[in-house]
Structure formats: structure tokens, C-alpha cells
Amino acid sequence: MNKKSALIATTLLLSVALAGCGGGEAPAAPTTAQQAIPVQVAKVAKGSINDSTGIIGSFAPKETAQVSPKISGKIQSINLTVGQKVNKGDTLFTIDQKDLQDSIKQSQESYQVALANLKQAESGAAQSVQQAESSVDQAKSALVQQDNTIIQAQTSLVDAQSSVRDAQNTLNRNQQLFSAGALSQSELEQSQIAHRRALTAVENAQITLHNAQTSKQSAQTTYSNAQKSLRLAQQKTGIDVARASVNQAKSSLDTARSQLVDTVVKAPISGTISVVTGTQGQMVSAQSAVATIANTNPIIAKVNVSESELLKMQVGSSVTVGVDSLNKRIEAKVSAVNPVMDNDLKAYPVEVSVPNGSGELKSGMVVTVYMKSEAPKNILVSQDAITEQAGKKYAYVVEGTVAKRVEVQTGQESAKQVEVTKGLAEGQNVVVKGVSLLTDGAKINVVK
């Protein structure tokens, strides 16, 4: 045996000897450090189970306003978008002023004529009748002129409608020819353009007719006023008649000017645009809601409460409003309590006013309203923090970077919380997520 073989043999014998001394087991491999378990924690606080019983409801605007013009007309300009914030008095949209400006011009002319009549009446009552007759003639002439304008507009509309029918027939025929390959794409497009132009002509004719009808109404009013002035002139002294004519003309002028002011539609309340239905060029009236404004500051939490819950509530009562989607709880006040039961829900509607200066709270969000209770405050924790083993209940308290298991005793419970009567103290942090992975003294990593 050489030296190398002897060394190997000696090493083998030494290994066998060491193994025998260790009971025949090989040495254990070195262990790695225990890995921290990710958990979520919550601070132990005092409260009442009664406080944690909430009433489900939803947010609604404090007030809404549907905005319509006071006069009929065509929207001239509008630049509103849903979600846009507006202040009371801001201009929302405007109505075309052309017809009203024409009416004001006519009323102004009538007013000037009436003033002239009064001046003449003061210098000679006899001239009043003559002026009144002149006004009647002028108004009648203007009325006849408007009748002629309406007839022309109606004729133009009929012609335009006839052109549309002809253009439609031509288009239909050309589409058939094009489908059969007997007509070029260019010729088909020309007939389509002609059809669209014919439709535009109808729209323009309708607008012209509408304007003519509006002008006739103004002319009819002027004519009626002129006839009244004439009758008065024939029955009373010239000065009285002229003064009455001035008053009537002034009233008509003031009305027309007031209507001109109404062409600029302003926001009746401050808030946010929630609906926009009007567009530029659209014909609208007092029955047409062009936009809707919602005031959501404060926003209203609406809930329906039982008879027993109603007895605990009154206007001004403090409540807590929970918004789970935002993970928020907000202190608020009851703003309205309906004393009449909703027969369908068998509950009483209650409203809670919630500050919403940031606009974060939105109408329709689900909320939970928690009423304040006179019950004594006790230690409350989440149901998720309590675990049970062998008939005993435990919670894991955070101590530095480890979770210490402590035995607890519990009292009243709700769907989400449990009252702890022994084992925990206010201010401690307990594990609420990841409890099932823990053992006493386990290393933890607190995550949000």
C-alpha cells in the first residue's frame, strides 16, 4: 500500500468513526433565516357595536335645475360639456336675436311715432286723430307687406319641397343606373350633391317662413295698437289719446327689449353640468330643457330608516357617512327627516348633508350612514382579526417585526366587528389580513 492509499483509508475510517459518534446521522445543512409574512394591520380603538350598524343609501345632488329659454328660437351659440362647473349667473347659451331685433326696431319706430303724436297733441288736439289714422295706415301697410312676405316664403318652401322630390327621384334613378353599370360614379355623386342641396334649400325656406311669421305677429301687434290709438283719439281729447298711445308703444318696446335680454340664458344655480341636450342651430322653446345643472356641494346622502331608527334621528343629528369605494368616513349632519312613511319601502326617507368641496363624492355612490349611539364605548376590532382554536379565541398583536398571539375574550358582534372584553388594549395594532398564515412569534412585514 502506498502513502496515497493509506491516507484515503485513514480518512474513510475517521469518517465512519465520526458518524458512529453522531448516532449514524449526517450533519444537518445550515438553515436560512425565517421569511417575513406580509400582513395588514389595524389599530385597536374603542367604539360601540350599535355605532357600527349602518344604513345603506346613496348620494344625490342637493339640487338640480333644468335650464330652458324663456322664449322660443334657434340656439345661436352653446359651449357646454358634461362635468363642466358653472356659477350662478354664468352664460350657458344664447338664442338668435335677429327676429327680436327686428321687433325692437318696429316697436322703437312705433314708440317714436307715439311720442310725435303726443307732441303734436299738445300743440293741437285735432292733429291727434290724423296722426292715429296715419299710424293705422302704416301698420296696415306693414301687415299687408308681411302677408305678402309669408306668401312668398310659403311659395319658396313649396318649390323647395318640389325640388327635393325631383332630386330624390333623380337620385333613385341614377342609383339604379349606377348599380346596372350604366352611370359613372361622378354622375351619381353629382345627383347626390343636388339632392343634399335641395334638402338645404328646404331648411332655409322653412327658416325664412318662420321669420316671416314672427315679423307678422309683431306687425299685427303694431296694427292693433294703432287701431286702439285711433279709437281713443276719436273718443277722447287728443292729448289723452296721444299719451295712451305712448304708453302702449313704450310697453311694447319694453317687452321686446326684455325678450332680447332673455336670449342670453344664464345659470340659475351654481353646480356642475350633468346633461346637455341642446346643440347650435336647434330650435328650442320654454318647454325644451337644453341643459341640466346639479349642485353637489354639499351632496346629499339619502337613506330609508325604520321606525325604531327614526326615533334616534332628527334634523341636526350627527352621523358618520361611510363611502367604501373611497375608503372614507365623513362626519355629517341630518338635514331632513320625512315624517311620512314610504308605503312601498315601509321606511322613512332621511337626508344627510355631506360637505363636498373637492367634488370627490359623486351622485349615485353607495354610502353607509352610521348613527351615533349612547351605548358605552368598548374595544372593537374587525372580525378578520379574531381566530379560534380548541374553543379559545386569539388575536395577533404586532410587536416590532413579529406577531404575538394573545388570547382574547369577546362580547357583542356585528357583521364586520366584534367587541373584545379582555386581552387587548386601545392603541395596539392587530393583524387583520394574513392571520391564517401566522404562528406565535412569526416574523411579519406590514403592508398597506
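This is a short walk through the sheets and nonpolar cores of a predicted model.

Okay, housekeeping before anything else. Since the model is predicted, local features need pLDDT of at least 70 and side-chain atom pairs count only at pLDDT 80 or more, while totals for chains, interfaces and linings use all residues. Residues are numbered from 1 along each chain as its sequence is written, and side-chain values use heavy atoms, with hydrogens and water left out.

So, the overall picture. We have six helices and 23 strands; those are DSSP runs, numbered from the N terminus, with H or I of at least four residues for a helix and E of at least two for a strand. The protein has 448 residues, and 34% of them count as buried, meaning under 20% relative accessible area with a 1.4 Å probe, protein chains only. The accessible surface is about 26600 Å², and carbon and sulfur atoms own 50% of that; the method there is Shrake-Rupley, again with a 1.4 Å probe. Now contacts, which are heavy atoms within 4.5 Å: among those with a separation of 6 or more, 75% come from residues 24 or more positions apart.

On to the sheets. Two strands pair here if DSSP finds at least two bridges between them. One open sheet has four strands in the order S4-S11-S9-S6, with antiparallel pairing. Its edges are S4, at 63–67, and S6, at 85–86, each pairing on one side only. S4 is joined to S11, residues 291–295, by five bridges, and alanine 65 has isoleucine 293 as its bridge partner there.

Another open sheet of four strands goes S8-S7-S5-S10, also with antiparallel pairing. The edge strands in this one are S8 (264–266) and S10 (283–284). S5, residues 73–78, meets S10 over two bridges, and glycine 73 is partnered with valine 284.

Last bit: what sits inside? A nonpolar core means buried Ala, Val, Leu, Ile, Met, Phe, Trp, Tyr and Cys residues joined through side-chain atoms within 4.5 Å. The largest has 23 residues, and Phe59, Val321, Val352 and Val354 have the most contacts inside it. Strands giving two or more residues to this core include S3 (54–60), S13 (318–323) and S15 (348–354). Have a look at phenylalanine 59: beyond its neighbours within four places in sequence, it touches Ile299, Val321, Val354 and Met365, among others.

There's a second, separate core of 16 residues, and its members include Ala65, Leu80, Leu92 and Val265. You've met Ala65 already, as the bridge partner of isoleucine 293.

Methods:
Buried means under 20% relative accessible area, exposed over 50%, partly exposed in between (1.4 Å probe, protein chains only).
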